[in-house]
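Colleague: I'm new to this one, so could you take me slowly through a single part of it? I'd like to follow one helix and then see what surrounds it.

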Amino acid sequence: MPWTGKFQVDDVQRTVTIGYAPGECVETMAINEQLEKARESDSFQILRSWRDELYLILGVDREVRIAHGGSALFGIHTIGVHMMAFCRKDLDGIKLWIPRRAATKQTYPGMLDNTVGGGIVAGEDPFDCLLREAREEASLPEHCIRNHARAVGTISYFHVRDARAGGEVGLLQPATQYLYDMELPADMVPKPSDEEVQEFLLWSLAETMAALKEGQFKPNSAVALIDFFIRHGYITARNEPEYREL
């Protein structure tokens with residue numbers, strides 16, 4: 001890392017700190033200047049795909065923000081939303097709307113995902129994030145989300161990024177996701193509205209489970225999907241030997 005003068009690096013104690021005076025709030029500026037310097041020098045692959053989005057850093061007594069691309073680089077705990085949309089088709093039971101990520105995405109290209117998902121940016125609450133992502137990724141109108149989306153809890157996990165994530169391998173990425181379910185009317189079809197989604201597939205629970213077991217889903221989406229299956233009684237102690245661990 002090409003450190004700026006705002007950081008104090010102690011190689012013996014293996015610590016990195018930001019110097020500041022009482023009453024000042026310089027961390028956001030220092031962190032993002034640092035990331036911009038690393039980006040300009042092309043020090044890290046993960047910074048090549050840059051988004052002008054800032055995430056809050058949790059656990060501090062004042063507001064500190066970090067650019068989206070730097071969160072995994074610094075191991076920052078991020079917060080996001082995931083929603084699974086489903087419908088009921090005839091007598092076949094529920095079917096899930098499963099998007100396939102675009103082959104051109106830097107992270108997990110071509111993998112399966114939850115219907116809608118994304119990171120909560122600084123100053124945004126979970127439901128506002130859901131509204132934004134539903135519009136951008138699935139062309140779902142706001143009134144549809146407000147009328148049909150249902151908050152169902154949260155999940156937290158600790159992920160170690162692999163080659164599929166894009167950028168450096170082995171980065172530590174803790175996260176929490178706010179989860180939502182939404183039953184869509186049979187005549188409402190999610191459609192890609194940006195370049196992040198290649199297509200939406202309408203799959204049965206069995207088809208979705210088969211793809212999940214084959215590792216076709218993005219890792220954090222797989223965790224949210226397992227939670228969905230448990231809550232809806234599709235994964236139970238009778239059919240899953242590792243149910244208690246799940």
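Modeller: Happy to, and keep in mind that this is a predicted model. Let's take helix α6 as our part and start with its crossing with α5, which is left-handed. Helix α5 covers residues 205-213 and α6 covers residues 219-231. The two pack at an angle of about 140°, with their axes 11 Å apart. That angle makes α5 oblique to α6.

Now for the residues that do the touching. On the α5 side they are L205, T208, M209 and L212, and on the α6 side they are A222, L225, I226, F228 and F229. Sorted by class, this contact has 8 nonpolar residues, 1 polar one and no charged ones.

Next, look for enclosed space. The structure holds 1 cavity of 30 Å³ or more, and the largest cavity has a volume of about 60 Å³. From α6 it gets 4 residues of its lining, and α6 gives the most. Among the lining residues are A224, L225, F228 and R231. You've already met L225 and F228, since both also take part in the contact with α5. The cavity lining further includes H82, M83 and M84, along with L179, Y180 and D181. Besides α6, strands β5 (78-88) and β9 (172-183) each supply at least two residues of that lining. Counted by class, the lining of the cavity has 8 nonpolar, 2 polar and 2 charged residues.

From there you can move out to the largest pocket, with a volume of about 940 Å³. Its lining has 44 residues, and R51, H68, R101, T107 and K218 lie nearest its centre. Helix α6 is one of the elements that give two or more residues to this lining, and the others include β5, β9, α2 (68-74) and α3 (126-138). Here β5 gives the most, with 5 residues. The pocket lining divides into 12 nonpolar, 18 polar and 14 charged residues.

One last stop is the second largest pocket, with about 220 Å³ of space. There, 14 residues form the lining, and I18, I31, I57, F74 and I76 are the closest to the centre. The elements that give two or more residues here are β2 (15-18) and α1 (27-40), and β2 gives the most, with 3 residues. Its lining has 11 nonpolar, 2 polar and 1 charged residues.

So, back to our helix: α6 packs against α5, gives the most to the lining of the largest cavity, and supplies two or more residues to the lining of the largest pocket.

Technical notes. Residues are numbered from 1 along each chain as its sequence is written. This is a predicted model: local features need pLDDT of at least 70, side-chain atom pairs count only at pLDDT 80 or more; totals for chains, interfaces and linings use all residues. Side-chain values use heavy atoms; hydrogens and water are left out. Axes are lines fitted to C-alpha atoms, for helices over the stretch in contact, and angles run from 0 to 180 degrees between N-to-C directions. Angles under 35 degrees count as roughly parallel, over 145 as roughly antiparallel, 65 to 115 as roughly perpendicular and the rest as oblique. A crossing is left-handed if the near helix is turned anticlockwise from the far one by less than a right angle, and right-handed if clockwise. Contact means heavy atoms within 4.5 Å. Ala, Val, Leu, Ile, Met, Phe, Trp, Tyr, Cys and Pro count as nonpolar, Asp, Glu, Lys and Arg as charged, and the others, Gly among them, as polar. On a 1 Å grid over the protein atoms alone, a cavity is a set of points where a 1.4 Å probe fits but cannot get out, and a pocket is an open set with protein on both sides within 12 Å along at least five of seven lines; lining residues have an atom within 4 Å of a point. Grid points are joined across faces, edges and corners, and a volume is the space filled by probe spheres set on the points.
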